[in-house]
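Let's work through a few exercises together. Keep the sequence and the 3D view open, and try each task before you read its solution.

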Amino acid sequence: MNQLVYNGKTFYQKDIFSGNVHIAMSLRSSSLEVNTLSAEARDPDGVFIGFARNTPLKWIYNGAQRGIFYLQEVERVGPNRYSLYATSAIGILTEGQHYGGIYTGQTAQEVIASICGTVPFSIQNKYADVKLYGWLPVATQRDNLVQVLIAIGAWIKTDLDGVLRIESLWDGISGNINEDYMLVGAKAPETAKITQVVVTEHQYVEGGEETKLFEGTAQQGDIITFNSPMYEL
């Protein structure tokens, strides 16, 4: 039994004509996939009229909350019928911009907070105080969050309450596949163990050349961006 909750109103199974939920969790921090929910629902009260983007939309299945999505698009397709499209918190970060900067020992907690903005997150204690050094470009919030996750070796998932949770991968065994369930011709390749990891650290120092970053007249509130770090900026 599916239910949708928006702005305090519950849409029961009888009010939902159709729906589709896409939920994915990548094992790599370099790939943050967006969870999505699309549905068509009956709304005689017009609560979806004049909707605000990024307003929470709860999905409940068999009495248990399965996730919180953030409404992105609403289209009226009938007298009281509306087509809805919502994404997870990662979807919000995909559209938002982060202005980056050069970091000289700020903690992961501080940097991630500046990237996520109003999107709620929690971070495992062992990662919170990791100090970060280096440069983040002007990019989407999602792309810069990916860079931080790679730097600290963490993984991310979205909780059922919509909060991003940054933690380490579980190292346990999730299940065993017996031979009875293996198809004829199945292969289990053996791979060589990693014996060495080489890390190259980039350092930015003052050079002898002068670069003109902006020419013209700037007004209050203007943001000037450039493609690489500049000394003392």
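Below are four exercises with step-by-step solutions.

This is a predicted model, in which local features need pLDDT of at least 70 and side-chain atom pairs count only at pLDDT 80 or more, while totals for chains, interfaces and linings use all residues. Residues are numbered from 1 along each chain as its sequence is written, and side-chain values use heavy atoms, with hydrogens and water left out.

**Exercise 1. Find Asn 7 and Asn 62, and say what is special about phi in each.**

Step 1. Start with Asn 7, which sits in the loop between strand 1 (2–6) and strand 2 (9–11). Strands here are DSSP runs of E with at least two residues, and helices are runs of H or I with at least four, both numbered from the N terminus.

Step 2. Look at the backbone: Asn 7 is not a glycine, yet its phi is positive, about 50 degrees.

Step 3. Check the surface. Asn 7 counts as exposed because its relative accessibility is 58%; exposed means over 50% relative accessible area, buried under 20%, and partly exposed in between (1.4 Å probe, protein chains only).

Step 4. Now go to Asn 62, in the loop between strand 5 (56–61) and strand 6. Its phi is positive too, at about 55 degrees, although Asn 62 is not a glycine.

**Exercise 2. Work out how Glu 95 and Arg 53 meet, and where each one lies.**

Step 1. Their side chains form a salt bridge, 2.8 Å from N to O. The term means a side-chain nitrogen of Lys or Arg within 4 Å of a carboxyl oxygen of Asp or Glu.

Step 2. Trace the chain: Glu 95 belongs to helix 1 (residues 89–95), and Arg 53 to the loop between strand 4 (36–42) and strand 5. The pair is 42 residues apart, so it links distant parts of the chain.

Step 3. Compare the surroundings: Glu 95 is exposed at 55% relative accessible area, whereas Arg 53 is partly exposed at 45%.

Step 4. Try another pair, Asp 143 and Arg 142, whose salt bridge spans 2.9 Å from N to O. Asp 143 is partly exposed at 36%, but Arg 142 counts as buried at 19%.

Step 5. Put these in context: the structure holds ten salt bridges. Lys 9, Asp 43 and Asp 45 are joined in a network of them.

**Exercise 3. Which residues lie nearest the centre of the second largest pocket?**

Step 1. Know the term: on a 1 Å grid over the protein atoms alone, a pocket is an open set of points with protein on both sides within 12 Å along at least five of seven lines, and lining residues have an atom within 4 Å of a point.

Step 2. Ala 24, Met 25, Asn 35, Lys 157 and Thr 158 lie nearest the centre, out of 23 lining residues. Strand 6 (64–76) and strand 13 (155–158) each give two or more residues to this lining.

**Exercise 4. Locate Gly 19 and say whether it is buried or exposed.**

Step 1. Gly 19 is part of strand 3 (residues 16–22).

Step 2. With a relative accessible area of 59%, Gly 19 is exposed.

Step 3. Pick out Ala 154, which is 135 residues from Gly 19 along the chain; their C-alpha atoms are 33 Å apart.

Technical notes:
On a 1 Å grid over the protein atoms alone, a cavity is a set of points where a 1.4 Å probe fits but cannot get out, and a pocket is an open set with protein on both sides within 12 Å along at least five of seven lines; lining residues have an atom within 4 Å of a point.
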